[in-house]
Amino acid sequence: MYKKILCVDDDPITLMLCKKVIQKSEFSEIIDIANNGEDALKYLDAIKNGHVSDPDFILPELMFLDLNMPVMGGWEFLDEMTENNYITHFPNLKVIVLSSTIDPKDIEKSKSYPMVLDFLSKPITREMLESLKK
């Protein structure tokens, strides 16, 4: 079980479904959300720059990331994380790309990012989470 995960998706229904499946599976105690890659970077920047005032704040350990979002999509987010060395600040944060695409090129591209653990097709299911636990 993860203490905290971050779900990044622009679709409110997908986010709601993600939260419900995660809660029912007891996959994580805390679920934070961001509506696009830019919001996720702002979230990480606030942590990195010490702007989180809650002394009990827990760093997310896992992120579910959609690829196709307005403002900043998943690929741009992963590029920013890589180019701006977020891995140094968040070495334990792993990313699961969760997308409706099943393009083999996307799956292959995701493997080039060191923080990406896996590429899964939407929607998230209990079985997927059980597999990730192992």
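Here are some friendly questions and answers about this predicted model.

User: Which helix gives the most residues to the largest nonpolar core, and how many does that helix give?

Analyst: Let's start with the core itself, which has 26 residues. Val8, Leu44, Met63, Leu65, Phe77 and Leu78 are the ones with the most contacts inside it. Two or more residues come from each of strand S1 (2-8), helix H2 (37-48), strand S3 (62-65), helix H3 (74-83), strand S4 (94-99) and strand S5 (116-121). The top contributor is H2, and the number of residues from H2 is five.

User: How many residues are in the other core, the one that has Ile5 and Cys7 among its residues?

Analyst: This core lies apart from the largest nonpolar core. Phe64 and Leu132 are also among its residues. In general, nonpolar side chains tend to be buried together in soluble globular proteins. The residue count of this other core is 17.

User: Which residues does leucine 78 touch, leaving out those up to four places away in sequence?

Analyst: Leucine 78 is one of the residues with the most contacts inside the largest core. Once residues up to four places away in sequence are left out, its partners are Leu65, Val95, Val97, Tyr113, Met115 and Val116.

User: Are H2 and H3 roughly parallel or roughly antiparallel to each other?

Analyst: Look at the angle between them: H2 and H3 pack at about 30 degrees, with their axes 9 Å apart. Angles under 35 degrees count as roughly parallel. H2 and H3 are therefore roughly parallel.

User: How do the residues of the contact of H2 with H3 divide into nonpolar, polar and charged?

Analyst: H2 passes H3 in a right-handed crossing. On the H2 side, the contact uses Gly37, Ala40, Leu41 and Leu44, while H3 brings Phe77, Glu80 and Met81. Sorting these residues gives five nonpolar, one polar and one charged.

User: Is isoleucine 96 buried or exposed?

Analyst: You can find isoleucine 96 in strand S4. Leaving out residues up to four places away in sequence, isoleucine 96 touches Leu62, Met63, Phe64, Leu65, Leu117, Asp118, Leu120 and Leu132. Its relative accessibility is 0%, so isoleucine 96 counts as buried.

User: What separates the C-alpha atoms of isoleucine 96 and aspartate 118?

Analyst: Along the chain, these two residues are 22 residues apart. In space, the separation of their C-alpha atoms is 5.0 Å.

User: Is serine 110 buried or exposed?

Analyst: Serine 110 sits in helix H5 (residues 104-110). Setting aside neighbours within four places in sequence, serine 110 is in contact with Trp75, Val97, Val116 and Phe119. Its relative accessibility is 2%, so serine 110 counts as buried.

User: Is the peptide bond from lysine 122 to proline 123 cis or trans?

Analyst: Proline 123 belongs to the loop between S5 and helix H6 (126-133). Most peptide bonds are trans. For the bond from lysine 122 to proline 123, omega is near -5 degrees, and the bond is cis.

User: What is the phi of glutamate 26?

Analyst: Glutamate 26 lies in the loop between helix H1 (12-24) and strand S2 (28-34). With a relative accessible area of 57%, glutamate 26 is exposed. Most residues other than glycine have a negative phi. Glutamate 26 is not a glycine, yet its phi is positive, at about 50 degrees.

User: Is valine 71 buried or exposed?

Analyst: Valine 71 is in the loop between S3 and H3. Its phi is positive too, near 70 degrees. At 62% relative accessibility, valine 71 counts as exposed.

Methods. Residues are numbered from 1 along each chain as its sequence is written. This is a predicted model: local features need pLDDT of at least 70, side-chain atom pairs count only at pLDDT 80 or more; totals for chains, interfaces and linings use all residues. Side-chain values use heavy atoms; hydrogens and water are left out. A nonpolar core is a set of buried Ala, Val, Leu, Ile, Met, Phe, Trp, Tyr and Cys residues joined through side-chain atoms within 4.5 Å. Buried means under 20% relative accessible area, exposed over 50%, partly exposed in between (1.4 Å probe, protein chains only). Helices (H or I, at least four residues) and strands (E, at least two) are DSSP runs, numbered from the N terminus. Contact means heavy atoms within 4.5 Å. Axes are lines fitted to C-alpha atoms, for helices over the stretch in contact, and angles run from 0 to 180 degrees between N-to-C directions. Angles under 35 degrees count as roughly parallel, over 145 as roughly antiparallel, 65 to 115 as roughly perpendicular and the rest as oblique. A crossing is left-handed if the near helix is turned anticlockwise from the far one by less than a right angle, and right-handed if clockwise. Ala, Val, Leu, Ile, Met, Phe, Trp, Tyr, Cys and Pro count as nonpolar, Asp, Glu, Lys and Arg as charged, and the others, Gly among them, as polar.
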